[in-house]
Each structure stands twice: as structure tokens, then as C-alpha cells.
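Biologist: I would like to learn how to read a structure like this one, feature by feature. Could you take me through it slowly?

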Amino acid sequence: MLKCPEPIASPPALRADGICFGFAQRPLFQHWSADFPAGLVLVQGGDGAGKTSLLRLMAGEWAPQAGRMLLHGTSATQNPAQYRAQVFWRDPRAPWPQAMTARDWAAGLRTVHARWSEEDWHAHVVGWGIAGHLHKAMHQLSAGSQRKVLMAGELASGAPLTLLDEPLAGLDKASIAYLLQALQREASAPRTAGRVLVVAHYDALGDLPWRHRVVLPE
Ligand SMILES: Nc1ncnc2c1ncn2[C@@H]1O[C@H](COP(=O)(O)OP(=O)(O)OP(=O)(O)O)[C@@H](O)[C@H]1O
């Protein structure tokens, strides 16, 4: 079970406040509080440690059994619509709607995310070499190509809280290198002020300037 870390000095962009959450046979968080500054945040842990559960709680997709998540002061419990409007979260394992192309999906994101950047979307499409896939149905793409489309959308969304679950899964070396570069750029020149970009991964994931790490016990 996760214990509380030391508090941080700067005002938090995201706050986990007294979170209790778990399953009947698997308690995960017990009165857990943590403050997250803007920037890159790593949620680290092995299989079944609770990474995806924490991302779902941060996203406001799952409600904690006690406590609350606050994003720039907005509570996921009290103002769920306002909270979720600031979040980008899509479970990378979730199936894609039949016949939805990458282009259709991006068109939908433009209407939902106020800080969407067309320039970033095109840069990531080129960076990950997925331009030739945009007209294809998402469910027909390889797992790696689906991931690249997903991450291009996640990063281009500009969402104040952006959650990436195991982003390296299915990626080749060049694509991993591009992802690390893109995350490094987000850290040094974030396009959205106050953006928190959370990455869940089993290990330390490169030499990125993490502003905060949550290490989940096995
Ligand atoms: N819907 C659920 N019902 C019951 N138990 C669950 C449920 N979802 C997750 N768990 C359990 O909670 C624990 C944490 O799961 P979670 O998926 O959050 O871990 P994870 O760190 O993302 O692991 P992985 O990378 O293997 O998916 C695991 O023991 C898992 O079996």
C-alpha cells in the first residue's frame, strides 16, 4: 500500500487529497495524499502495482472510495464535467470504434480540447511517420501504429492533465526516441502553462526531467 510522500514547496497543479481506493482483494491507496507540480510526472511500478488504477483516478474516470482529486483547484468529485474537460485520458487497450479512422478521431479531439494544436499534431504525425495511416480504420492498424496515433493526439491536445499509460508498448527504437524527445520538449517548453503530463511506466524511463515520481510498491 502506498504511503504519503514529503510535501512539495511550489503550489500543486494536481493534488491527491486523502485518497482511499482498492478492490476487495487488493487495497491500493489508503488515505494517500500527494501534490504534483506542472511538468512531467512519472508513475512507476511493476505489473499490477496500480498504475492504470491511479491514472483512472487522476482522470476522474473512477471515483475514490474516500478523498478527492483536485486539478488547478477543481474537484473531480464535485465538478466532474469541469474537471474532465481539462483531462486527456484514453485507455490504450480500449477498442477503437469500428471504421473510425485516425483522421476522424483527430477531428473529434479538435472540438473537445480547447488547447488543441494543429501544428503539434502534424509535427507528431511526421515525427512518428504515421501520415500514411491517417485514412485507415484505427482497429486495422498495428498495435504500435495505434499507440503512435494515440500519443500524437494526447500530446497535441494541450490538455492541462494528460495521462499516458505505458507509452512504450509496441514501439520500435526510433519511435521511442521520438517520444522521449517530445516529452523532453514538453518539459522544457510546455505549450499549455501549468500542464501536468503523467506517464505510467514500469521503470525510470530515460533521463527525463521528472518533476515528481510516484513509485508504487509491488
Ligand atoms: N476492475 C478490477 N477489479 C478487480 N481488481 C482489479 C480491477 N482492475 C485492476 N484490478 C487489480 O488491481 C491491481 C492494480 O491493477 P492496475 O491495472 O491498476 O495495475 P498496473 O500497475 O496498471 O498493472 P499492469 O501494467 O499489469 O496493467 C491488480 O492487482 C489488478 O488485478
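Biologist: Let me begin with a single residue: in which helix does His-124 lie?

Modeller: Keeping in mind that this is a predicted model, you will find His-124 in helix α4, which spans residues 118-127.

Biologist: Does His-124 count as buried or exposed?

Modeller: A residue is called buried if 20 or more other C-beta atoms lie within 10 Å of its own. His-124 has 22 C-beta neighbours inside 10 Å, and therefore counts as buried.

Biologist: Which residues is His-124 in contact with, once its neighbours within four places in sequence are left aside?

Modeller: Those contacts are Ala-152, Leu-155, Ala-156 and Ala-182.

Biologist: How should I read the nonpolar core?

Modeller: The general idea is that nonpolar side chains tend to be buried together in soluble globular proteins. Here the largest nonpolar core has 51 residues, and Val-43, Met-58, Val-196 and Val-198 are those with the most contacts inside it. Helix α5, residues 143-157, supplies the largest share of this core, with six residues.

Biologist: Where does Val-43 sit with respect to the strands, and what is its bridge partner in β9?

Modeller: Strands of a sheet pair through backbone hydrogen bonds, either parallel or antiparallel. Strand β3 covers residues 39-44 and runs parallel to strand β8, residues 196-201, to which six bridges join it, while four bridges join β3 to strand β9, residues 212-215, also in the parallel sense. The partner of Val-43 in β9 is Val-214, and Gly-39 has Val-196 as its bridge partner in β8. Beyond four places in sequence, Val-43 also touches several residues, including Lys-51, Leu-54 and Val-198.

Biologist: What is the order of strands in the open sheet of four?

Modeller: The order is β2-β1-β4-β5, and the pairing is antiparallel. Because β2 (26-36) and β5 (74-75) stand at the edges with a single partner strand each, one side of each is left without a neighbour in the sheet. Strand β1, residues 14-23, pairs with β2 over seven bridges, and Phe-21 stands opposite Phe-29 in β2. Helix α1, residues 51-59, lies across β1, β2 and β4, running at about 130° to β1.

Biologist: Which element gives the most to the shell around the ligand?

Modeller: That element is α1, with three residues. Among the residues surrounding the ligand are Phe-23, Arg-26, Asp-47, Lys-51, Thr-52 and Ser-53, and by class the shell has two nonpolar, five polar and three charged residues.

Key
Residues are numbered from 1 along each chain as its sequence is written. This is a predicted model: local features need pLDDT of at least 70, side-chain atom pairs count only at pLDDT 80 or more; totals for chains, interfaces and linings use all residues. Two strands pair if DSSP finds at least two bridges between them. Helices (H or I, at least four residues) and strands (E, at least two) are DSSP runs, numbered from the N terminus. Two residues are in contact if their C-beta atoms, placed from the backbone, lie within 7 Å. Axes are lines fitted to C-alpha atoms, for helices over the stretch in contact, and angles run from 0 to 180 degrees between N-to-C directions. A residue is near a molecule or strand if its C-beta atom, placed from the backbone, lies within 6 Å of it. Ala, Val, Leu, Ile, Met, Phe, Trp, Tyr, Cys and Pro count as nonpolar, Asp, Glu, Lys and Arg as charged, and the others, Gly among them, as polar. A nonpolar core is a set of buried Ala, Val, Leu, Ile, Met, Phe, Trp, Tyr and Cys residues joined through C-beta atoms within 7 Å. A residue is buried if 20 or more other C-beta atoms lie within 10 Å of its own, exposed if 12 or fewer, and partly exposed in between; C-beta atoms are placed from the backbone.
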